[in-house]
Amino acid sequence: MVRERETPKQQQQVSYTVEQLVAVNPYNPDILPDLENYVNEQVSSQTYSLDANLCLLRLYQFEPERMSTQIVARILVKALMAMPAPDFSLCLFLIPERVQMEEQLKTLIVLSHYLETGRFRQFWDEAAKNRHIVEAVPGFEQAIQTYAIHVLSLTYQKIPRPVLAEAINIEGLSLDKFLEHQAANSGWILEKGHGRGQLIVLPRNEFNHPELKKIAADSVPLEHITRIFPILG
């Protein structure tokens, strides 16, 4: 018999039920299977719940014989995808050191170190060697590319094409299409140039244009000005 596809409303109800279990009785080991199923649901539906995952890791501390390394690895991959949020460190704190020495978890710890230090070339090389771990979670590559762009936008006003290509692991025609999409939808400006000489102008923010932060800090909020007018009158 073919199982009917769950509607978004049904998926929301399942999600709500798990979150409710976590809120009402987070230390009850009976909810452990529900939380494990919820990790797999997060993977398949490309959703994310840090609270539920932290709850599961805490339960594993009390029930170490029931720990699933595969589930823990999926939790850590989802946490990597949430960067720059500190979710990975929060999860790792709840995982015993002996478990962290498992091969796939050691790999994920190395990957997190590369991301935290902005060593994107090493990250993509290591990820390519361990596709069976990261490709088990849909959306992983896109999430890391988004994080890499976030990091670059904090540093660069104009970014050389090769630096961007290395950070997001896209080259050639695929990179051309990506840049066209960003220019059309995210305010990127492509300066004239061909091949490796091309420069990409990133949107202005208070990090790559520090003067914006100073202007924001020096400006008087509008509501303060409106309060002055009656006094002047």
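Let me begin with how the chain meets itself: of the contacts in the protein with a separation of 6 or more, 56% are accounted for by residues 24 or more positions apart. I should say at once that what we have in front of us is a predicted model, and that the values I quote are computed from it. The protein holds 14 helices and 3 strands, and of its 233 residues, 38% are buried. Its accessible surface comes to about 14300 Å², with 54% of that area belonging to carbon and sulfur atoms.

I would like to turn now to one pair of helices. Two packed helices are described by the angle between their axes and the distance between the axes. For helix H10, which covers residues 140-155, and helix H11, which covers residues 161-168, the angle is about 140° and the axes are 9 Å apart. With angles over 145 degrees counting as roughly antiparallel, H10 and H11 are therefore described as oblique to each other. As for the residues involved, H10 brings Gln145, Ala148, Ile149 and Leu152, and these meet Val163, Leu164, Ala167 and Ile168 from H11. Sorted by type, the residues of this contact comprise 7 nonpolar and 1 polar, with no charged residue among them.

From there I move to the charged side chains. How many salt bridges does a search of the whole structure find? The search returns 4, and I will take you through some of them.

One of these belongs to helix H11 again, where the side chain of Arg161 meets that of Asp176 in a salt bridge with an N to O distance of 2.9 Å. This pair links distant parts of the chain, since Arg161 sits in helix H11 while Asp176 sits in helix H12, residues 172-185, the two being 15 residues apart. Is Arg161 buried or exposed? Its relative accessibility is 12%, and because buried means under 20%, Arg161 counts as buried. Its partner Asp176, by contrast, has a relative accessible area of 30% and is therefore partly exposed.

Another salt bridge joins the side chains of Asp125 and Arg121, at 3.4 Å from N to O. Here both partners lie in helix H8, residues 120-129, and they are 4 residues apart, which is about one turn of the helix. Asp125 has 39% relative accessibility and so counts as partly exposed, and Arg121, at 26%, also counts as partly exposed.

There is also the salt bridge between Glu135 and Arg131, in which the closest N and O atoms are 3.0 Å apart. Glu135 counts as exposed because its relative accessibility is 53%, whereas Arg131, with a relative accessible area of 46%, is partly exposed.

Next, some points of backbone geometry that I think this group would want to inspect. Where is Pro84 placed? Pro84 is in the loop between helix H4 (69-81) and helix H5 (87-93), and the peptide bond leading from Met83 to Pro84 is cis, with omega near 20°.

Two residues other than glycine deserve a mention for positive phi values. Gln46 has phi near 55°, and it is found in the loop between helix H2 (32-45) and helix H3 (50-62). With a relative accessible area of 52%, Gln46 is exposed. Asn169 is not a glycine either, yet its phi is positive at about 60°. Asn169 is placed in the loop between H11 and H12, the helices that hold Arg161 and Asp176. At 33% relative accessibility, Asn169 counts as partly exposed.

Finally, let me stay for a moment with Asp34, which lies in helix H2. Its relative accessible area is 36%, so Asp34 is partly exposed. Which residues does Asp34 touch, if we do not count those up to four places away in sequence? Asp34 touches Val18 and Leu21. As for Leu56, which is 22 residues apart from Asp34 along the chain, the C-alpha atoms of the two are separated by 9.3 Å.

To close, I would return to the contact of H10 with H11, made up of 7 nonpolar residues, 1 polar and no charged, and to the salt bridge in which Arg161 and Asp176 link distant parts of the chain. Thank you, and I am glad to take questions.

Notes. Residues are numbered from 1 along each chain as its sequence is written. This is a predicted model: local features need pLDDT of at least 70, side-chain atom pairs count only at pLDDT 80 or more; totals for chains, interfaces and linings use all residues. Side-chain values use heavy atoms; hydrogens and water are left out. Axes are lines fitted to C-alpha atoms, for helices over the stretch in contact, and angles run from 0 to 180 degrees between N-to-C directions. Angles under 35 degrees count as roughly parallel, over 145 as roughly antiparallel, 65 to 115 as roughly perpendicular and the rest as oblique. Contact means heavy atoms within 4.5 Å. Ala, Val, Leu, Ile, Met, Phe, Trp, Tyr, Cys and Pro count as nonpolar, Asp, Glu, Lys and Arg as charged, and the others, Gly among them, as polar. Buried means under 20% relative accessible area, exposed over 50%, partly exposed in between (1.4 Å probe, protein chains only). Accessible areas come from the Shrake-Rupley method with a 1.4 Å probe; for residues, only the protein chains shown count as cover.
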